[in-house]
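Let's take a walk through a protein model together. Keep the picture open and follow along as we go.

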Amino acid sequence: MPSTFQQKLSLRNRILMLGVMLAIGLGNICTERLTANDGLGWDGMTYAALASDFSELVFVQKVDEYRVGRILPCAIVHVGMRLVGARPTNHNIILAFDIYNFMLLMGCVYVWGLIAETLNLRTSAAWLGFCFLFLSYAILKNNFYAPVSTDTSAFALGILTLYFYLTRKNLGLIGVMIAGAFTWPTVPAMAALLYMFPRIENPGARPVAPLHRLNVWCAAIAATGVCAALLLLTGPLVQRLLATFPRFLRLNMSLLYLSIAATTVYVFFSVRAVLGEGKLFNLRAVWEELRWKSALVAVMLLIALKITTHLMANDVGPWATPKMFVGYILALSVSDPLLFFVAHVIYFGPVVIVLTLLWKPFCDSLSTFGIGLRLFVILNLALSLNSQSRQMINGLAVFVALMTMILDRRRLKSGEVVGWALLCLIYSKVWYVMNRGSQQWDGTMEDLLAFPLQHLYMNIGPWISHEMYLVQAGVVALTTAILYFLLRTRGHELKASADIGQNAAQAES
């Protein structure tokens, strides 16, 4: 990929991308929708109530702090409906969220074009990133199937976070932090990281290996700590967790030790690679990249936003203590061996598999941006143990953009994008019919793990039944093997062509 000039995504390709998203939006008018609770689903009932009578519920009756952190999309929908004079019926609220989410996606497509130019991606790579971002279950299926949610808003804020970081637009990152405080819990912290550690001015630097293999030692310590914490699940803690989260947690006790071993290995190799940058072990280097004035602004802003959301909330306490919540996240990582990885592939598509296969070069590429983006990835790596993949949706754009850069450097061909698009469409399950029975829920985990509700919940980590885990893990394993072979073959081709070019240059000299 050339680095001496700026790649420009042609107007024709920009219009085509917007046209594809427009076709997707129009095509989903006639697709199936969630039927539970008159189309609102379960969480959607709360968001619909807020969109219907926002001022009364938020400023008079008040809601809990968790929901205060998600009120902004509801406020926008509420104002939009009032501007056009629409009555707040369930049908109109669903339609309003549909329009709002679709407008966000159109904006995201436009911003993705700007990101592709900023990263100097060729046209084929820009289209590949488009497929990875928008042709997934998260966007192509779930966004239209259950529109009354804040997920698409978090996705949009994630794309804006990346764009503002790459273009060093600090005011944009501040705006994302403020909007994120009322949209998605992890958005402010992630945007603050990139605000405090801006993109470095000298791209192209190679990663500096840490002295005495400190990354290996840190990875070993992290893996040992996680393993020790997970072993506690074999004691009385597991019963407390199951009693605290009866509708949100299942554990396959027969495979628990295998699950613990798999998660431990995952943590070790993931952390070892992401800590391969020596700067993280050099306090002086970290201090040099930290903008202390920005850090002061970010910390004060985060504190102010936390106080604001707390004052706006009612007196209802949190649904779980921090200790129990951490235990819940750890328990989710061992529901079945590597269930969280399978869940991420199902939800976000094959880009997760490619990311795993190319994790080392992905981590090395972070050095060209600076410490902030590496810390961003480390935070998301910790969150990846949570099999409820949607909670990472605001971090997706960073992983897709950097992974696309790596594939672009491997001389991605235009024809290959078609194959990737087909694979993304297969994993999106846009073709799958979910409404094959009543969606009435009796309130138990057993009902969620059984069909017909499993048609929906086999796509959402904590509620994937063991049987559907085995089926989908088999598909993921087969896809991983095929992609490994293809990527390995392409790697050999590139090495061979590089050797030929080097020999030709030596011959000329």
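Let's start with one helix. Helix α8 covers residues 137-145, and it is mostly covered: nine of its nine residues are buried. The buried residues of α8 include Y137, I139, F144 and Y145, and K141, N142 and N143 are on that list too. Keep in mind that you're looking at a predicted model.

Now for the whole thing. The protein has 26 helices and zero strands. Its C-alpha atoms fill a box of roughly 80 × 55 × 50 Å along the principal axes. Is the chain packed like a globule? With 509 residues, a compact globule would have a radius of gyration near 23 Å, and the protein has 23 Å, so the two agree.

What share of the residues is buried? Of the 509 residues, 53% count as buried. What the protein does expose comes to about 23,200 Å², and carbon and sulfur atoms supply 67% of that area. The chain also brings distant parts of its sequence together: among contacts between residues at least 6 apart in sequence, 81% join residues at least 24 apart. As for charges, there are 38 positive and 26 negative ones, and their mean positions are 8 Å apart.

Next, the inside. The largest nonpolar core has 174 residues, and those with the most contacts inside it are W112, I115, F134, F155, W359 and F362. Which helix gives the largest share of this core? That's α6 (residues 90-118), with 13 residues.

F155 is a nice one to click on. Leaving aside neighbours within four places in sequence, F155 is in contact with L105, C108, L133, F134, I139, I393 and L396. One of these partners, I139, is a buried residue of α8, the helix we began with.

From F155, hop over to V187. These two are 32 residues apart along the chain, and their C-alpha atoms are separated by 9.8 Å. V187 is found in helix α11 (residues 187-196). Not counting residues up to four places away in sequence, V187 touches L157, V176, G180 and N394.

Another residue worth a look is H78, in helix α5 (residues 71-84). Again leaving aside neighbours within four places, H78 is in contact with A51, S52, D53 and F54.

How buried are some of the residues on this tour? The cut-off for buried is under 20% relative accessible area, so each residue in this table makes it:

| Residue | Relative accessible area |
|---|---|
| V187 | 2% |
| N120 | 8% |
| H78 | 11% |
| K429 | 11% |

Two residues in the table also have an unusual backbone angle to check. N120 has a positive phi of about 65° although it is not a glycine, and N120 is found in the loop between α6 and α7 (123-134). K429 is a residue other than glycine with a positive phi as well, near 60°. Its place is in the loop between α23 (414-428) and α24.

Where is the last stop? P452 lies in the loop between α24 (445-448) and α25 (454-457). The peptide bond from F451 to P452 is cis, with omega near 15°.

Terms used
Residues numbered from 1 in each chain as written. Predicted model: local features only at pLDDT ≥ 70, side-chain atom pairs only at ≥ 80, totals over all residues. Heavy atoms only, no water. Helix = DSSP H or I, 4+ residues; strand = E, 2+ residues; numbered from the N terminus. Rg over C-alpha atoms; globule rule 2.2 N^0.38 Å. Buried < 20%, exposed > 50% of the residue type's maximum accessible area, 1.4 Å probe, protein only. Contact = heavy atoms within 4.5 Å. Areas by Shrake-Rupley, 256 points an atom, 1.4 Å probe, with all protein chains shown as cover. Lys, Arg positive; Asp, Glu negative; His and termini not counted. Charge placed at Lys NZ, Arg CZ, Asp CG, Glu CD. Core = buried A, V, L, I, M, F, W, Y, C linked by side-chain atoms within 4.5 Å.
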